[in-house]
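Visitor: I would like to learn how to read helix packing and empty space in a model. Please take one feature at a time.

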Amino acid sequence: MLVHGQDGGAQIAVLEDGKIVEHYVTHPEDRTLVGNVYLGRVQNVLPGMEASFVDIGEARNGVLYAGEVGIPGDDVGDGEVPRIESVLEPGQPILVQVTKDPMRSKGARLSALVSLAGRHLVLVPGAASIGVSRRLGERERERLRDIVSGLRPDGHGLIVRTAAEGAGRTDLERDLARLLKTWDGIKARAASATPPALIHEEARLELRVIRDLFNREISRCVIDDPELEATLRAYVRQTTPDLDHRLELYRGDLPIFEEFRVVEEVRKSLERKVWLPSGGHIVIDRTEAMTVIDVNTGRYVGRSTLEDTVFATNKEAAVEIARQLRLRDIGGIIVIDFIDMEEQANRDELLRVFRDELRKDRTRTQVFDISPLGIVQMTRKNVSAGIVEAFSDPCPTCEGRGILIHEVD
């Protein structure tokens with residue numbers, strides 16, 4: 001993990017086998033709202049959309065759907081979600097949390113089911129369940145579940161995060177105490193606030209990424225800013241002291257992203273065409289409705305049969321597409337036009353390779369089988385703007401049909 005401090009913001013890159021797979025950037029002027037808790041005011045309720053618009057004090061009202069209201073239907077025996085107009089009305093104050101940033105013309109996505117993420121645990125007020133990350137091994141999951149079962153406070157649910165691997169009972173108790181203190185503060189501020197009001201602001205990007213990603217799978221975390229390094233080290237020492245030795249202050253002559261060739265990779269991620277090792281390439285185009293990816297053999301001509309050439313290109317493309325989805329943080333509907341293959345065994349193997357690569361992605365994905373036309377349809381959860389949005393602006397001449405790329409440096 002590389003952390004580059006810049007002008008009140010930061011860029012963070014995660015590398016696997018020397019290749020960048022995730023990239024985060026923040027500037028002082030563009031902050032994410034995800035995780036923030038607001039005391040909002042219901043502006044209007046739309047039964048036909050099963051949604052309401054909530055004023056949270058931002059430029060655009062947030063959207064709260066019926067399934068996210070968090071009020072059980074006591075009069076419905078089968079637990080059916082009640083009609084939204086029966087639980088919300090205009091002018092009503094409501095505590096909500098942002099789950100998805102505003103994008104283009106859409107307002108922020110909201111939920112009344114607040115959850116607070118810590119280093120090892122996620123506190124879910126008002127719930128009664130216990131969950132454990134599926135990324136952990138079965139024995140570790142059972143160990144952590146046994147510990148958390150004895151820690152769960154009445155009236156609250158808990159989720160054990162992947163970062164809790166190897167954590168002891170004391171670590172979890174300390175994390176839970178911080179989360180309960182935060183929730184008590186939220187309740188106290190909400191009781192005295194006048195909507196719309198920001199009640200709780202999520203931690204800054206650097207701390208969020210360290211909290212969410214810096215676990216025992218990260219061999220090094222290199223930071224080029226002394227003040228930022230001190231802040232992150234203090235957090236790690238407080239939450240996961242056994243990982244403190246993996247933090248280091250960068251002292252190289254070149255800028256940190258140039259030393260690790262991250263700038264070059266970021267520039268490539270802004271282009272439509274991405275070259276594959278064999279000479280084939282993929283082309284990535286984004287529309288309002290979806291992202292479309294085309295796979296081509298390009299300069300690769302193979303050595304034996306056409307089927308073998310196409311199969312090899314498709315497998316390389318599957319690996320690269322999975323990486324580009326993470327790096328560019330592409331979400332929503334994604335359609336991939338792999339090159340047609342005749343043999344069903346090759347199709348099955350291609351899907352297996354693609355799904356194996358996607359398991360490295362922390363963001364939830366769903367992949368469907370290859371269609372008769374050789375097309376794979378999938379979805380990837382979209383939470384915030386990706387790398388293209390971070391380094392570009394819509395073109396004013398063509399009114400958004402093109403973009404103007406910023407200088408990456």
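Visitor: At what angle do H7 and H8 pack, and how far apart are their axes?

Guide: First, the basis. This is a predicted model, in which local features need pLDDT of at least 70, side-chain atom pairs count only at pLDDT 80 or more, and totals for chains, interfaces and linings use all residues. Residues are numbered from 1 along each chain as its sequence is written, and side-chain values use heavy atoms, with hydrogens and water left out. Helices (H or I, at least four residues) and strands (E, at least two) are DSSP runs numbered from the N terminus. Axes are lines fitted to C-alpha atoms, for helices over the stretch in contact, and angles run from 0 to 180 degrees between N-to-C directions. Here H7 and helix H8 (residues 344-358) pack at about 20°, their axes 9 Å apart. That makes H7 roughly parallel to H8 (under 35 degrees; over 145 is roughly antiparallel, 65 to 115 roughly perpendicular, the rest oblique).

Visitor: Which residues of H7 and H8 make the contact?

Guide: Contact means heavy atoms within 4.5 Å. From H7 the residues include Phe311, Ala318, Ala322 and Leu325, and from H8 they include Leu350, Val353 and Phe354. By class, this contact of H7 with H8 has 10 nonpolar, 2 polar and 4 charged residues. Ala, Val, Leu, Ile, Met, Phe, Trp, Tyr, Cys and Pro count as nonpolar, Asp, Glu, Lys and Arg as charged, and the others, Gly among them, as polar.

Visitor: At what angle do H3 and H4 pack?

Guide: Helix H3 (residues 205-213) and helix H4 (residues 226-239) pack at about 40°, with axes 11 Å apart. That makes H3 oblique to H4. Glu206, Leu207, Ile210 and Arg211 of H3 meet Leu228, Leu232, Tyr235 and Val236 of H4.

Visitor: How is empty space found, and what volume does the second largest pocket have?

Guide: Rolling a probe the size of a water molecule over the atoms shows where empty space is left. On a 1 Å grid over the protein atoms alone, a cavity is a set of points where a 1.4 Å probe fits but cannot get out; a pocket is an open set with protein on both sides within 12 Å along at least five of seven lines; lining residues have an atom within 4 Å of a point. Points are joined across faces, edges and corners, and a volume is the space filled by probe spheres set on them. The second largest pocket has about 270 Å³. Of its 13 lining residues, Lys268, Val274, Trp275, Glu320 and Arg323 are the closest to its centre. H7 gives the most to this lining, with 4 residues.

Visitor: Which residues line the largest cavity?

Guide: Phe338, Ile339, Asp340, Met341, Arg347, Leu350, Ile370 and Gly374 line it, and its volume is about 40 Å³.
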